[in-house]
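Let's take a walk through this model together, from one helix out to the contact between the chains. Have the structure open as you read.

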There are 2 protein chains.
Amino acid sequence: MPKIISEETKYQGPRFNVVQRIYEDENNQKKYVRDSVELLPAAMVLPITENNEVVFIKQFREVLGKETMELPAGIIEVGEEPIVAAKRELEEETGLIAGKIEPLTEVFSSCGYSNEKLYMFYAKDLSLGKKRLDDDEHIGDIVKIPMEECIDLVKKNYFEHANQNVCLMLYYLKYVAK
Amino acid sequence: MPKIISEETKYQGPRFNVVQRIYEDENNQKKYVRDSVELLPAAMVLPITENNEVVFIKQFREVLGKETMELPAGIIEVGEEPIVAAKRELEEETGLIAGKIEPLTEVFSSCGYSNEKLYMFYAKDLSLGKKRLDDDEHIGDIVKIPMEECIDLVKKNYFEHANQNVCLMLYYLKYVAK
C-alpha cells in the first residue's frame, strides 16, 4: 500500500483547499504526487410527497452555466450531524419540513481527486415550513415529478448530476421496484 | 441568470486547476464568488462477461486511504474521443478488449464545485488483450461479480464511489430489470 511521504496545502479557498501529497509505493519504492480537493461533507435529500412525487428545486449551476433540476442539498457545518443538515437544507431550499427522514446511503462524489463525501437521505410526511436562502444561492420554485417518471428521466440522461441519479435510482431499487 | 464579472486561475496543478470567478446576480445586482475545479473529462466502463458478471479492479484510493473495488476508468486525453478512451482504459487496467462498447450516460460528478464530466460506457464480448498500467497507478487483480449481486452490494452501501453506483444501477434499470 502506498504511504504518504509529505503533504503541503497548495491553495486555500472559501469552499475548498487543495492539498498536495507525495506518496511512496511500498512495492517498488517509486514516488508519485496526488493533488486532493478537500472540503466539508454535504447532505442531499430525496423529498417524497404522499403521492409518490419527488420534490426538486430549480437551481443555477455555475459549472454548467444554466439552471437545472436539483434535489435539495448543502454543506454539513462543522459539528453538525448529517441528518440535522439534511433537514435544515430541505427546509431552507424548499420550505418543507420532513416528518420522517431516513438515511439512504453515503458516497464519495469523485474519489480520484476529492474527499467530498455525500450523506444521502429520503424524506417523507412533508409539511410547509418557511424558505430561507443563503445570499449566494439561486434557487427558483419547487417542481414535483412522479417517482416512476423520475426514473424514466434518469434513463434518458435528463439529469446531469451523478449524485442525484444515485439518490433516485437507489431509493427506487430499495423501496419501489423490490 | 448570474453572469461572470471576472475570472482568475488561483492554482495550476498536475491534474486540475482552480479557477475563481466572480458572478453578478441579474435580479438583485449582488456579487458572489465561486471556486471551480477544472479538469479533463473521464471515461468509465462497465465490463460485462458472457455470464453477466461485472469486471472490477482493485485500486488503491489515496483519498480513502485504502484499496477499493472500482470499475475501469481514466482521463480522456485532449483530442481523444470518449469511446476510444473507454476502450483504452479497459484494456490498460483489466487486460480485456471489448468486442462491443456502447454509451450508457454522461454525468457531472459534482457540479457544485467541479467541471469533471464522466462519459459512461458498457462493454461486452470481452477477450484477452494485454495490461499496461501507468507508473503511478496501483491496481491489483480483476474481480468478477454477478450483476444481481452487484446491485445487492450497491443497496448495502458496499461501493463508496458515487459514479460507479450510477453505472451499475443505470445499466441494471435499462437492460436487466426492465
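## Helix α2 and what follows

Just after α2(A) comes A:N157, a residue with a positive phi, near 65 degrees. Keep in mind that this is a predicted model, so the angle, like everything below, is read from predicted coordinates.

Which residues of helix α2 of chain A are buried? Within this helix, which spans residues 147-155, they are A:C150, A:I151 and A:V154. Because these residues cover an arc of only 95 degrees around the axis, they sit on the same side of α2(A). Look at the face turned away from that buried side and you will find the exposed residues A:E148 and A:E149.

## Two domains in chain A

Stepping back from the helix, chain A is divided into domain 1, residues 3-38, and domain 2, residues 40-177. Their C-alpha centres are 31 Å apart. By these bounds, helix α2 of chain A, at residues 147-155, falls in domain 2 (40-177).

## How the chains are related

A turn of 180 degrees, with a shift of 0.0 Å along the axis, lays chain A on chain B with an RMSD of 0.0 Å. That is the relation of a two-fold axis.

The copies meet through the same surface, because 100% of the interface residues of chain A are also interface residues in chain B.

## The contact between A and B

How many residues does each chain bring to the contact? Chain A gives 54 residues and chain B gives 54 residues. On the side of chain A that touches chain B, the elements with two or more residues are the strands β1 (3-12), β2 (16-24), β3 (31-39), β5 (53-61) and β8 (96-108), together with the helices α2 and α3 (162-177). The most comes from α3(A), with nine residues.

Sorted by class, this side of chain A holds 26 nonpolar, twelve polar and 16 charged residues.

## Nonpolar cores

The largest nonpolar core has 85 residues, and A:L46 and B:L46 are the ones that touch the most other members. If you centre your view on B:L46, you can pick out its contacts with B:V54, B:L71, B:L104, B:Y122, B:A123, B:C167, B:L168 and B:Y171, leaving aside residues up to four places away in sequence.

Another core, of nine residues, lies apart from the largest one. Among its members are A:F16 and A:L39 from chain A, and B:V37 and B:Y113 from chain B.

Note on methods:
Residues numbered from 1 in each chain as written. Chains lettered and ligands numbered in written order. Predicted model: local features only at pLDDT ≥ 70, side-chain atom pairs only at ≥ 80, totals over all residues. Buried ≥ 20, exposed ≤ 12 C-beta atoms within 10 Å, placed from the backbone. Helix = DSSP H or I, 4+ residues; strand = E, 2+ residues; numbered from the N terminus. Arc of directions from axis to C-beta. Least-squares fit on C-alpha atoms with pLDDT ≥ 70 in both. Contact = placed C-beta atoms within 7 Å. Nonpolar A, V, L, I, M, F, W, Y, C, P; charged D, E, K, R; others polar. Core = buried A, V, L, I, M, F, W, Y, C linked by C-beta atoms within 7 Å. Domains from an automatic or database assignment.
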